[in-house]
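Thanks for making time this morning, everyone. I would like to walk you through one model, so please have the sequence and the structure open as I talk.

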Amino acid sequence: MVLIHRITDILESLGVDPSTMTNGDLDVFSPVTGEILASVATDTPAAVTEKISAAQLAFREWRSVPAPRRGELVRLLGEKLRAHKDALGALVTIECGKILTEGLGEVQEMIDICDFAVGLSRQLYGLTIASERPGHRMSEYWLPIGPVGVISAFNFPVAVWSWNAAVALVCGNTVIWKPSEKTPLTAIACQQLFLSAAAEFGDAPKNLSTLIIGDGSIGAKLVSNRGVPLISATGSTEMGRKVGPVVAERFGRSILELGGNNGFIVCPSANLDMALTATVFGAVGTAGQRCTSTRRLFVHDSIYREFLSRLKKAYASISIGDPMNSENLVGPLIDSDAFNAMQTALRNASQAGGKVHGGERVHESKFPDAYYVRPALVEMGSQKQSVQTETFAPVLYVYSYSDFADVLSLHNDVPQGLSSAIFTNNLSEAENFISPLGSDCGIANINIGTSGAEIGGAFGGEKDTGGGRESGSDAWKGYMRRLTSTTNYSTELPLAQGVRFTLSED
Ligand code: UN1
């Protein structure tokens with residue numbers, strides 16, 4: 001399989017000139033074959049500073065454009081994405097290795113958030129608040145905040161940008177995007193689609209949305225720049241620990257969407273057919289490289305043996321290989337580092353008493369430079385401590401439990417708090433799971449797995465996941481500045497709290 005020819009056609013259909021992708025200093029590999037797809041030019045630190053200045057200039061114009069008109073630009077972007085869904089979805093698959101249905105699903109997620117943001121552009125509601133003073137009106141407004149820096153990871157190379165960009169743009173902000181250096185091609189393609197939407201829009205300021213390409217040192221330039229009031233960063237907790245303090249130090253705002261260590265509880269009353277499919281999709285989908293991937297499974301001991309044996313059978317039947325082939329459910333890991341991290345995690349689990357099934361490399365002779373693995377199950381049995389770290393690979397630790405209160409505390413006893421799931425038909429268990437005593441994550445699903453959230457809800461998590469929320473619900477408020485304003489339409493000047501302050505002018 002040689003992808004370089006396919007990629008040329010795909011790039012052209014997305015409006016990118018492939019000849020500009022051959023002489024740069026950053027080699028782009030496909031995890032599907034391990035071959036080099038392109039060599040793209042990276043930005044210098046000086047170029048980043050220039051792009052930030054340009055984004056500030058664009059912001060000065062864009063903030064005054066009425067929000068519903070800003071929504072029109074996002075509507076056009078959604079139309080471009082609809083028209084190019086197949087090509088962009090295929091490019092996602094080739095560049096990051098997720099199976100094609102997931103590559104297409106990712107583009108669908110972009111279309112969905114564009115639709116959401118178009119509606120939002122007419123719903124950036126404020127409040128009127130009762131004033132304690134006569135003849136006064138108090139209200140709250142939401143105003144654009146400025147350029148928004150978006151840092152995204154390889155595993156959702158395009159959707160994460162769109163959650164941030166579509167919302168930020170209707171809020172009146174400009175966007176500067178630093179994609180993962182492992183997936184610049186999909187970012188370049190999105191930028192082209194954005195530019196063609198902007199051209200159709202007509203009078204959009206230049207540099208409304210810009211791209212910076214490079215490694216962490218280039219991202220650091222964005223993060224430390226006071227001209228970027230909001231940084232929305234998706235990636236590992238380790239990355240967030242660097243980004244968060246730098247933004248806080250300059251009193252900027254950050255939306256952090258970091259690592260997960262997502263738990264899934266299967267109760268005795270659960271529909272086991274549904275629980276099985278949800279577990280396997282959650283654990284092996286995207287080759288275990290979603291921040292929402294299922295990593296820890298807790299099964300009630302009355303059904304543990306049965307469920308484990310069905311799980312093992314399901315794992316044995318999973319076909320692993322070329323992600324463009326619809327028969328395969330699992331594509332490659334992103335690179336050798338991911339493979340090595342997985343092997344280390346499995347060694348550690350085995351030393352901690354876990355019984356490992358799977359995890360070995362496959363198709364090595366066919367693709368010596370690509371890293372396909374058999375997803376791993378690790379029987380942890382009745383251990384009372386859950387694995388604390390996130391490994392971005394298809395490794396599922398399986399525990400048995402007997403007491404519901406115990407499993408809730410085992411579930412919550414990890415540093416991360418992104419997503420969680422319970423399968424039960426017992427109302428009390430379901431309600432407890434989403435009560436103050438239940439899951440401590442940002443997402444807690446009932447009879448739905450941990451991954452595959454819709455864009456309509458606010459997305460993000462607690463604890464080491466960083467606390468940020470992006471995408472739907474009222475996450476837009478994180479992309480605007482709040483203005484409280486009180487108007488006095490009386491002829492008196494009463495002070496709040498009954499304070500008296502009378503000037504004598506004679
Ligand atoms: C991520 O892995 O960074 O809920 C995001 C999901 C997707 C988003 C994952 N909608 O699995």
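If you look at β19, you will find N445 standing opposite A421, and the strands concerned, β18 (residues 419-423) and β19, pair in the parallel sense over 4 bridges. I should say at once that this is a predicted model. These two strands belong to an open sheet of 7 strands with mixed pairing, whose order is β12-β15-β16-β11-β10-β18-β19. At its edges stand β12 (355-357) and β19 (443-446), and because each has a single partner strand, one side of each is left without a neighbour in the sheet. From one strand to the next, the twist averages 20 degrees. Packed on this sheet is helix α13 (residues 404-412), which touches β10, β11, β16 and β18, and the direction of α13 makes about 170 degrees with that of β11.

Let me turn to another set of strands. Strand β4 (residues 136-144) pairs with β3 (residues 127-129) in the antiparallel sense over 3 bridges, with L127 opposite E140. The two form a hairpin with 6 residues between them, and in the turn G135 has a positive phi of about 65 degrees. β4 also runs antiparallel to β23 (residues 480-488), to which 9 bridges join it, and there W142 has R482 as its bridge partner.

Finally, which residues have the most contacts inside the largest nonpolar core? They are L88 and V266, in a core of 139 residues that draws at least three residues from each of domain 1 and domain 2. A second, separate core has 17 residues, among them I212 and L256.

Conventions:
Residues numbered from 1 in each chain as written. Predicted model: local features only at pLDDT ≥ 70, side-chain atom pairs only at ≥ 80, totals over all residues. Heavy atoms only, no water. Core = buried A, V, L, I, M, F, W, Y, C linked by side-chain atoms within 4.5 Å. Buried < 20%, exposed > 50% of the residue type's maximum accessible area, 1.4 Å probe, protein only. Domains from an automatic or database assignment. Pairing = 2+ DSSP bridges. Axes fitted to C-alpha atoms, helices over the stretch in contact; angles between N-to-C directions. Contact = heavy atoms within 4.5 Å.
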